[in-house]
Amino acid sequence: MTLPLEEAKKDFVQQKFSSVTPKYDFLNTLLSLYIDHYWRKRAAALLKDQDGPILDICAGTLPLSLEIVRQKRRKVVALDFCFDMLKYGRDRLRNNSAMESILPVCGDGEMLPLPDNTFTGITAAFGVRNLTDLSRGLEEMYRVLKPGGVASILEFSRPSNPVFSRLYRFYLHRILPNLAGMISGDKEAYTYLADSIEGFYSQKQVCTMMKRAGFVNVQYKPLTLGIVTIYSGNRL
Ligand SMILES: C[S@@+](CC[C@H](N)C(=O)[O-])C[C@H]1O[C@@H](n2cnc3c(N)ncnc32)[C@H](O)[C@@H]1O
């Protein structure tokens with residue numbers, strides 16, 4: 001499929017997440033064979049030394065916010081522009097005491113409705129790939145981080161091993177959209193997932209953009225044969 005551009009992409013992404021909301025967590029776990037939990041644990045662990053408030057952008061149904069609070073009790077602002085995803089996550093965790101530390105906020109990751117120098121850590125899991133303008137999103141993350149604060153960004157990437165890469169691509173384009181489409185009732189949402197992974201920046205390009213946004217100590221760590229990558233950096 002041809003990926004939509006600019007404002008059309010925002011509307012499309014919002015609509016697609018809204019449409020798959022009730023099946024989103026189940027499908028994540030099924031399609032990744034539960035490894036998504038491990039990936040979020042790794043991303044959250046990079047923020048473990050930060051005592052102050054954390055911002056989780058593109059927070060969805062709050063799985064990463066929950067993991068951050070599980071690892072260490074701190075305030076987490078969980079921002080997403082899809083109200084349905086946030087509401088579903090909040091309702092699901094209604095009886096979980098972690099919700100006392102999590103504040104869901106409906107807003108745009110490229111125009112954060114938040115003041116400068118506020119958070120000691122900022123994170124996003126499987127979110128930045130969906131932004132219309134990644135550079136703008138990274139500049140916003142930098143702006144709301146306190147000096148010395150840490151960014152930990154988890155995102156899909158493309159495996160570099162040629163044999164594994166061919167198998168993975170077959171799974172991504174042939175198996176995943178059909179299986180997830182059948183379960184969620186929205187095959188297009190998962191065709192978009194596959195195409196957005198293929199169309200996303202390389203690891204080096206993401207690091208260059210993070211540096212341009214002002215981050216220092218920028219590093220990346222591929223996990224699970226490069227299916228995902230964790231990017232990290234600090235604000236000076
Ligand atoms: C793949 S989900 C990730 C959810 C969650 N972080 C997780 O680990 O499962 C991506 C989320 O990013 C949100 N999103 C995409 N673009 C956004 C934007 N510009 N501002 C805020 N949220 C956005 C979507 O609504 C969706 O909930």
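In this predicted model, helix α1 gives the largest share of the shell around the ligand, with four residues. The stretch in question runs over residues 6–31, and α3 (63–71) joins α1 in supplying at least two residues each to that shell. Altogether 22 residues sit around the ligand, and Cys 58, Gly 60, Cys 82, Gly 109 and Ala 125 are the ones that come nearest. As for chemical character, the shell splits into twelve nonpolar residues, six polar ones and four charged ones.

Next comes the sheet. Seven strands make up an open sheet with mixed pairing, and reading across it gives the order β3-β2-β1-β4-β5-β7-β6. The two edges are taken by β3 (102–106) and β6 (216–223), each of which pairs on one side only. Going from one strand to the next, the twist averages 15°. As a general point, strands of a sheet pair through backbone hydrogen bonds, and they can do so in a parallel or an antiparallel way. Both kinds turn up here, since the pairing is mixed.

Starting from the β3 edge, strand β2 (residues 76–80) runs parallel to β3, and five bridges hold the pair together. One place to look for this pairing is Leu 79, whose bridge partner in β3 is Val 105.

Further along the order, strand β4 (residues 119–125) lines up with strand β5 (residues 145–156), again in the parallel sense, over six bridges. To get from β4 to β5 the chain goes through helix α5 (residues 134–144), and the resulting β-α-β crossover is right-handed. A handy landmark for this pair is Gly 121, which stands opposite Val 150 in β5. β4 also reaches the ligand story through Ala 125, a residue of this strand's range, 119–125, and one of those that come nearest to the ligand.

On its other side, β5 meets strand β7 (residues 228–234), and this time the pairing is antiparallel, over seven bridges. Val 150 shows up once more, with Asn 234 as its bridge partner in β7. Val 150 therefore links to both neighbours of β5, facing Gly 121 on one side and Asn 234 on the other.

That leaves the helices and how they pack. The ligand-shell helix α1 packs with helix α6 (residues 162–184) at an angle of about 140°, their axes lying 10 Å apart. This angle is why α1 counts as oblique to α6. The crossing of these two helices is right-handed.

α6 has another partner in helix α7 (residues 187–199): the two axes come within 7 Å and cross at roughly 150°. Because of that angle, α6 is roughly antiparallel to α7; the cut-off for this class is over 145 degrees. Here too, α6 passes α7 in a right-handed crossing.

Finally, the crossover helix α5 packs with helix α8 (residues 203–212) at about 50°, with 9 Å between the axes. The angle makes α5 oblique to α8, and the crossing is right-handed.

Technical notes. Residues are numbered from 1 along each chain as its sequence is written. This is a predicted model: local features need pLDDT of at least 70, side-chain atom pairs count only at pLDDT 80 or more; totals for chains, interfaces and linings use all residues. A residue is near a molecule or strand if its C-beta atom, placed from the backbone, lies within 6 Å of it. Ala, Val, Leu, Ile, Met, Phe, Trp, Tyr, Cys and Pro count as nonpolar, Asp, Glu, Lys and Arg as charged, and the others, Gly among them, as polar. A crossover is right-handed if, with the strands pointing away from the viewer, the path from the first strand over the helix to the second runs clockwise. Axes are lines fitted to C-alpha atoms, for helices over the stretch in contact, and angles run from 0 to 180 degrees between N-to-C directions. Angles under 35 degrees count as roughly parallel, over 145 as roughly antiparallel, 65 to 115 as roughly perpendicular and the rest as oblique. A crossing is left-handed if the near helix is turned anticlockwise from the far one by less than a right angle, and right-handed if clockwise.
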